Amino acid sequence: MTDHHGSRIFSLMFPDAPRDFPMRRSVRILLRTLHIITASILFGGHIFDQPVTELEPWLWGTVLSGMFIMLTDLHASFAVLLEVRGVAVVIKAILLVLVPLFWEERNLLLLTALIIGAVSSHMPKQYRHRLL
């Protein structure tokens, strides 16, 4: 017996061809730009030991812009989670969750997340989109 409901969900999550939407490229450029700006200010604020209350809006900007970037990827296909770039996002999220737990190491955790983001975003497409 075939599970048609399960196969429908699978085909929605993993379409044969990635889904698109109007102005996708422009939306992603805008989101990525906002993400780089907010993450840079957040990291710099931690490096220069600014008060956490001053950094909170930049944290939210970084988290929200990153989430929206990931949502545009997931809209295309959940296969992104099985690619190098998706795994990099998961690792970055884990590093960010560790910041409050290892506050004294926050600069190293944030730097590591930034390095992973820079490398995974700029590596050749053949590696960035490689399925793991």
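## Reading buried and exposed residues

Student: Is F68 buried, partly exposed or exposed, and what do those words mean?

Tutor: Buried means under 20% relative accessible area, exposed over 50%, and partly exposed in between (1.4 Å probe, protein chains only). F68 has 45% relative accessibility, so F68 counts as partly exposed. F68 lies in helix 3.

Student: What kind of model is this, and how are its residues numbered?

Tutor: This is a predicted model, where local features need pLDDT of at least 70, side-chain atom pairs count only at pLDDT 80 or more, and totals for chains, interfaces and linings use all residues. Residues are numbered from 1 along each chain as its sequence is written, and side-chain values use heavy atoms, with hydrogens and water left out.

Student: What is pLDDT, and what does the chain average?

Tutor: pLDDT is the predictor's confidence in each residue, from 0 to 100. Here the chain averages 94, and 96% of the residues score at least 70.

Student: Where is T38, and is T38 buried or exposed?

Tutor: Helices are DSSP runs (H or I, at least four residues), numbered from the N terminus. T38 sits in helix 2, residues 24-47. Its relative accessible area is 9%, so T38 is buried.

Student: Which residues does T38 touch?

Tutor: Contact means heavy atoms within 4.5 Å. Not counting residues up to four places away in sequence, T38 touches W58, G61, T62 and S65.

Student: How does V63 score for accessibility?

Tutor: V63 is in helix 3, residues 52-76. V63 has 28% relative accessibility, so V63 is partly exposed.

Notes. Helices (H or I, at least four residues) and strands (E, at least two) are DSSP runs, numbered from the N terminus.
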